[in-house]
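This report looks at charged side chains, aromatic rings and one helix, and asks how each is placed. Please keep the sequence and the structure at hand while reading.

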Amino acid sequence: MAFHQSEWQSNILRRDDPAETSYGVTLRFLETADLNDLVELHQAVVANLPDRHIFRSDQPDFLADHIERRGATVGAFKEGRLIGYAVVSFPYQDPDNLARFTDLPADEALRVAHFDGAAVHPDFRGNHLHQTMNQIRGHYALLAGYHHLMGTVSPLNPYSLGNHLGAGFQVIGHAVCYGDMQRYIIHRKGHPTSLQRPRNPEDKELISCPVDAFFEVSEHLAHGYIGFAVQRTSSGKYLLQMALRDTVTSDTNRAFRT
């Protein structure tokens, strides 16, 4: 399994640059030689968190495993400096496979890949690097034969949740993971999609919940609802749009090329 190209180019702005200078960014899969830079970036992101529950802190061994042995990690570089990363993990038969939160049969559970951690340095957020790295790692998983993409997202991170739902993921479950961290379980089968919406806009079963209302969302999930979009209100609140399973449609998006 291989891409037709080994790296990709993008352009970004630095958040604290009043001149709005555009910088070139190179994206590629990380190698063992990049591990120290990856650990340094990960630790910087964790140290900058307003709440430790937003983002899981990983050990260097975990990050090393996901450069080669158990998956792969996309890195974004500005002038040789690592400013973002996104992990894709292949759990296969390991007990942490998120298929345990679904009704997938055993053979399909082996085709699950995890979006297992992604971060961008605070100085360079707002440049859609998260979405770009998601496209790359998602396509990598599909080429490797893993057509069920899953992950966990904090209810305190509406930006990440919105990015994932905007690419066709759905909130299908909930759990307390990584010790004491509340998480939504997300899932997408196959290629990215966009513009998720109810088939019937007049559907009276549609629900909007605050993204951070973990227990309220969990109750609706238990009654057959899924989350399909995040909406930001005029007052700055983030709402999770929910509908009954199989009542949501979307547009197919296969624009990413390798």
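Is D96 buried, partly exposed or exposed? In this predicted model, D96 is partly exposed, because its relative accessible area is 32%.

## Salt bridges

The side chain of D96 meets that of R70 in a salt bridge, with 2.5 Å from N to O. This pair links distant parts of the chain, since R70 belongs to the loop between α2 and β3 and D96 to the loop between β4 and α3, 26 residues apart. R70 also meets D94 in a salt bridge, here with 3.1 Å from N to O. That pair again links distant parts of the chain, with D94 in the loop between β4 (81-89) and α3 (106-109) and R70 in the loop between α2 and β3 (71-78), 24 residues apart. The residues of these pairs do not fall into one class of accessibility: R70 has 9% relative accessibility and therefore counts as buried, whereas D94, at 34%, counts as partly exposed.

A further salt bridge joins D180 and R52, whose closest N and O atoms are 2.6 Å apart. The two residues lie in distant parts of the chain, D180 in the loop between β7 and β8 and R52 in the loop between α1 (35-47) and α2 (60-65), with 128 residues separating them. D180 is partly exposed because its relative accessibility is 39%, and R52 is partly exposed as well, with a relative accessible area of 47%.

The table sets out these three salt bridges by partner and distance.

| Pair | N to O distance |
|---|---|
| R70 and D96 | 2.5 Å |
| D94 and R70 | 3.1 Å |
| D180 and R52 | 2.6 Å |

The structure holds nine salt bridges in total.

## A buried arginine in α4

Which side chain of opposite charge is nearest to R137, and how far away is it? The answer is D116, at 7.5 Å, and R137, although buried, has no salt bridge. R137 lies in helix α4, which spans residues 129-143. Its side chain does reach the backbone oxygen of V87, at 2.5 Å. When neighbours within four places in sequence are set aside, the residues in contact with R137 include V74, A86, V87, V88, F115, D116, G117 and A118, and also the histidines H130 and H164.

## Aromatic rings

A search of the whole structure finds eight aromatic pairs. One of them is formed by F115 and F169, whose ring centres are 5.3 Å apart and whose planes stand at 55°, a tilted arrangement. This pair, too, links distant parts of the chain, with F115 in strand β5 (residues 112-120) and F169 in the loop between α5 (158-165) and β7, 54 residues apart. Both partners count as buried, F115 because its relative accessibility is 7% and F169 because its value is 1%.

The rings of F214 and F215 have centres 5.5 Å apart and planes at 75°, so this pair is edge-to-face. Here the accessibility of the partners diverges: F214, at 4%, counts as buried, whereas F215, at 63%, counts as exposed. Elsewhere, W8, F29, F90, Y140 and Y146 form one aromatic cluster.

The surroundings of F169 can be described further. Not counting residues up to four places away in sequence, F169 touches F115, L149, M150, H164, I186, H187, R188, Q196 and G227. F169 and P192 are 23 residues apart in sequence, while their C-alpha atoms are 8.0 Å apart in space.

## Helix α6 and what covers it

Where on α6 do its buried residues sit? These residues of helix α6 (residues 214-222) are F214, V217, S218 and L221. They cover an arc of only 100° around the axis, and therefore they lie on the same side of α6. What covers them includes the strands β7 (170-177), β8 (181-189), β10 (207-210), β11 (225-232) and β12 (238-244). Just after α6, G224 takes a positive phi of about 95°.

Note on methods: Residues are numbered from 1 along each chain as its sequence is written. This is a predicted model: local features need pLDDT of at least 70, side-chain atom pairs count only at pLDDT 80 or more; totals for chains, interfaces and linings use all residues. Side-chain values use heavy atoms; hydrogens and water are left out. Helices (H or I, at least four residues) and strands (E, at least two) are DSSP runs, numbered from the N terminus. Buried means under 20% relative accessible area, exposed over 50%, partly exposed in between (1.4 Å probe, protein chains only). Lys and Arg count as positive and Asp and Glu as negative; His and the chain ends are not counted. A salt bridge is a side-chain nitrogen of Lys or Arg within 4 Å of a carboxyl oxygen of Asp or Glu. A polar contact is a pair of N or O atoms within 3.5 Å; within protein, one must be able to donate a hydrogen and the other to accept it, and residues adjacent in sequence count only if both atoms are side-chain atoms. Contact means heavy atoms within 4.5 Å. The arc is that of the directions from the helix axis to the C-beta atoms. Rings of Phe, Tyr and Trp (its six-membered ring) pair if their centres lie within 6.5 Å; planes under 30 degrees apart count as stacked, over 60 as edge-to-face and the rest as tilted.
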